[in-house]
Amino acid sequence: MKGPVRPGLEGAMLELDHVAVLGETLQAAVGHVEGVLGCAMGPGGAHARFGTHNRLIGLAPELYLEAIAVDPAASPPGDARWFGLDRFRGAPRLDKWIARVPDMDAALDAFPEAGRKVALSRGDLHWEMAVPEDGQLPFDGLFPALICWKSPVPPGRRLAAEGRALRRLVVSHPRAEALAARLCPHLSAPLVAFETGPAGLVAEIATGQGVVRLG
């Protein structure tokens, strides 16, 4: 389910940037991804601002998959961690989708519920994220996290897909129609589909062994 971007809303246009598997530990999150995809994830790094760490793997078309968890070696942040990681419990799972915007201020004017703007950097990567005060995104965490890259070559363009391609990202929620109606005037993401059902995400990914489902 998608709709055209209305004239005048270009600064708040949403495009799929990447998806994230959360785990109680990074080892658990990485193990879940590798077990489904049948290949090893690449390196990632640490996010001192939010006390988390991650690993990454590329997907076509110019997307990537992130495994992320609280970093036990990091100092606790002074406020809530992003992606609702302070409250995350249970088995590792695909839990977040992240939408790229060209102008974070315009995006937050359109979607104030997405949170506040936070400037971040790691190495030569620079970006802005919208993070809610309590870390919890609307619609049971299934509202997309918003990102605005300030680096000319973000991870989705750096990481080799090596035959892996996202075919479809299914966003399921009891109020899927309301979520879609909120997003679709701004959403340019033909691989994203909304379905009414229990809250959750499923990514259908083509690999050398066929299409797999990552949830």
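Here are some notes on the chain shown above, which is a predicted model.

1. **What it is built from.** Start by picking out the secondary structure. You should find four helices and twelve strands in the chain. How compact is the whole thing? The radius of gyration is 16 Å, and the globule rule gives 17 Å for 215 residues, so the chain is as compact as a globular protein of that length. If you like box sizes, the C-alpha trace spans about 45 × 40 × 35 Å along its principal axes.

2. **Who touches whom.** Take the contacts between residues at least 6 apart in sequence: 69% of them join residues at least 24 apart. Keep that in mind when you trace the backbone by eye. T196, which we get to in point 5, gives you a pair to look up: its C-alpha atom is separated by 5.6 Å from that of S172, though the two residues are 24 apart along the chain.

3. **Inside and outside.** Of the 215 residues, 51% count as buried. The chain exposes about 9400 Å², with carbon and sulfur atoms supplying 53% of that area. As for charge, there are 22 positive and 24 negative side chains, and the centres of these two sets lie 2 Å apart.

4. **The core.** In soluble globular proteins, nonpolar side chains tend to be buried together. Here, the largest nonpolar core holds 71 residues, and the ones touching the most other members are L65, W82, W97, L146, L169 and F194. Which strand gives the most to this core? That is strand β4, residues 63-70, with six residues. W82 is a good one to click on. Leaving aside its neighbours within four places in sequence, W82 is in contact with H47, F50, T52, I68, L120, W127, M129, V131 and G135.

5. **T196, on a strand.** T196 sits in strand β10, which covers residues 192-196. Is it buried or exposed? The cut-off for exposed is over 50% relative accessible area, and T196 has 59% relative accessibility, so it counts as exposed. Even so, T196 has company: not counting residues up to four places away in sequence, it touches S172, H173, P174, A176 and E177.

6. **The loop between β3 and β4.** Have a good look at this stretch. A cis peptide bond joins A60 and P61, with omega at about 0 degrees, and P61 lies in the loop between β3 (52-59) and β4. E62 is found in that loop between β3 and β4 too. Phi of E62 is near 55 degrees, a positive value in a residue other than glycine. E62 is also exposed, with a relative accessible area of 51%.

7. **D140, in another loop.** Where is D140? You will find it in the loop between β7 (125-131) and β8 (145-149). Phi of D140 is a positive value as well, near 55 degrees, in a residue other than glycine. With 63% relative accessibility, D140 counts as exposed.

8. **P185, a buried loop residue.** P185 is found in the loop between α4 (176-183) and β10. Buried means under 20% relative accessible area, and P185 is at 17% relative accessibility, so it counts as buried. To get a feel for distance across the model, try P185 and G45: they are 140 residues apart along the chain, and their C-alpha atoms are separated by 34 Å.

Terms used: Residues numbered from 1 in each chain as written. Predicted model: local features only at pLDDT ≥ 70, side-chain atom pairs only at ≥ 80, totals over all residues. Heavy atoms only, no water. Helix = DSSP H or I, 4+ residues; strand = E, 2+ residues; numbered from the N terminus. Rg over C-alpha atoms; globule rule 2.2 N^0.38 Å. Buried < 20%, exposed > 50% of the residue type's maximum accessible area, 1.4 Å probe, protein only. Contact = heavy atoms within 4.5 Å. Areas by Shrake-Rupley, 256 points an atom, 1.4 Å probe, with all protein chains shown as cover. Lys, Arg positive; Asp, Glu negative; His and termini not counted. Charge placed at Lys NZ, Arg CZ, Asp CG, Glu CD. Core = buried A, V, L, I, M, F, W, Y, C linked by side-chain atoms within 4.5 Å.
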